[in-house]
Amino acid sequence: MVRNLDQLIAIQDELADYFESLGEDGAEDPVLSARARLVLAAGKRSEVEAELLDRVVAARGAGMTWKDIGQVLGTSGEAARQRYGNRVAS
């Protein structure tokens with residue numbers, strides 16, 4: 001998960017390197033292409049995880065139980081509490 005601005009900049013730098021590596025004909029190096037796509041997917045996952053954490057915080061603030069949150073997330077309430085509980089004021 002992206003946790004700070006430096007990590008976001010590193011991801012952007014990797015993507016910039018990838019685009020610079022493309023030849024004038026637009027041909028992709030399969031290894032660089034796979035890496036760039038993986039970096040992009042990891043960045044997207046980080047964004048979604050950050051939004052999910054915000055939503056869990058809001059849900060707890062609105063009075064939802066860990067059991068209810070777990071059901072929405074497709075897991076148990078205990079698993080949800082273990083994953084997010086230390087980042088949510090109870």
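In this predicted model, Arg83 is partly exposed, with a relative accessibility of 45%, and the side chain of this residue meets that of Glu49 in a salt bridge with an N to O distance of 3.0 Å. Because Arg83 belongs to helix α4 and Glu49 to helix α2 (residues 30-61), the pair ties together parts that are 34 residues apart in sequence. The two partners fall into separate accessibility classes: Glu49 has a relative accessible area of 17% and is therefore buried, the limit for that class being under 20%, whereas Arg83, at 45%, counts as partly exposed.

The count of salt bridges in the model comes to 3, and the remaining pairs lie within single helices. In helix α2, Glu51 is paired with Arg55, the closest N and O atoms being 3.4 Å apart; these residues are 4 positions apart, so that about one helical turn separates them. Glu51 is partly exposed at 42% relative accessibility, while Arg55, at 52%, counts as exposed. In helix α4, the side chains of Arg81 and Glu78 form a salt bridge at 2.4 Å, N to O, with the two residues 3 apart, again about one turn of the helix. Both of these residues count as partly exposed, Arg81 at 36% relative accessibility and Glu78 at 40%. Such spacings agree with the geometry of an α-helix, which has 3.6 residues a turn, so residues three or four places apart point the same way.

Helix α4 (residues 77-84) also has a buried set, consisting of Gly77, Ala80 and Tyr84. These residues lie on the same side of α4, because the arc that they cover around the axis is only 60 degrees. A comparable description applies to helix α3 (residues 66-73), in which Trp66, Ile69 and Gly70 are the buried residues; they cover an arc of only 100 degrees around the axis and are therefore placed on the same side of α3. On the other side of this helix, Lys67, Gln71 and Val72 are exposed. Helix α3 is followed by Gly74, for which phi is positive, near 80 degrees.

Toward the beginning of the chain, Leu8 lies in helix α1 (residues 5-21) and is partly exposed, with a relative accessible area of 41%. Together with Leu5 and Ile9, Leu8 forms a nonpolar patch on the surface, and the three residues have about 270 Å² of accessible area together. Leu8 can be included in this patch because its relative accessible area of 41% lies over the 30% that is required of patch residues.

Technical notes
Residues are numbered from 1 along each chain as its sequence is written. This is a predicted model: local features need pLDDT of at least 70, side-chain atom pairs count only at pLDDT 80 or more; totals for chains, interfaces and linings use all residues. Side-chain values use heavy atoms; hydrogens and water are left out. Patches are made of residues with over 30% relative accessible area and no salt bridge: like charges are joined within 9 Å, nonpolar side chains (Val, Leu, Ile, Met, Phe, Trp, Tyr) within 5 Å. Accessible areas come from the Shrake-Rupley method with a 1.4 Å probe; for residues, only the protein chains shown count as cover. A salt bridge is a side-chain nitrogen of Lys or Arg within 4 Å of a carboxyl oxygen of Asp or Glu. Buried means under 20% relative accessible area, exposed over 50%, partly exposed in between (1.4 Å probe, protein chains only). The arc is that of the directions from the helix axis to the C-beta atoms.
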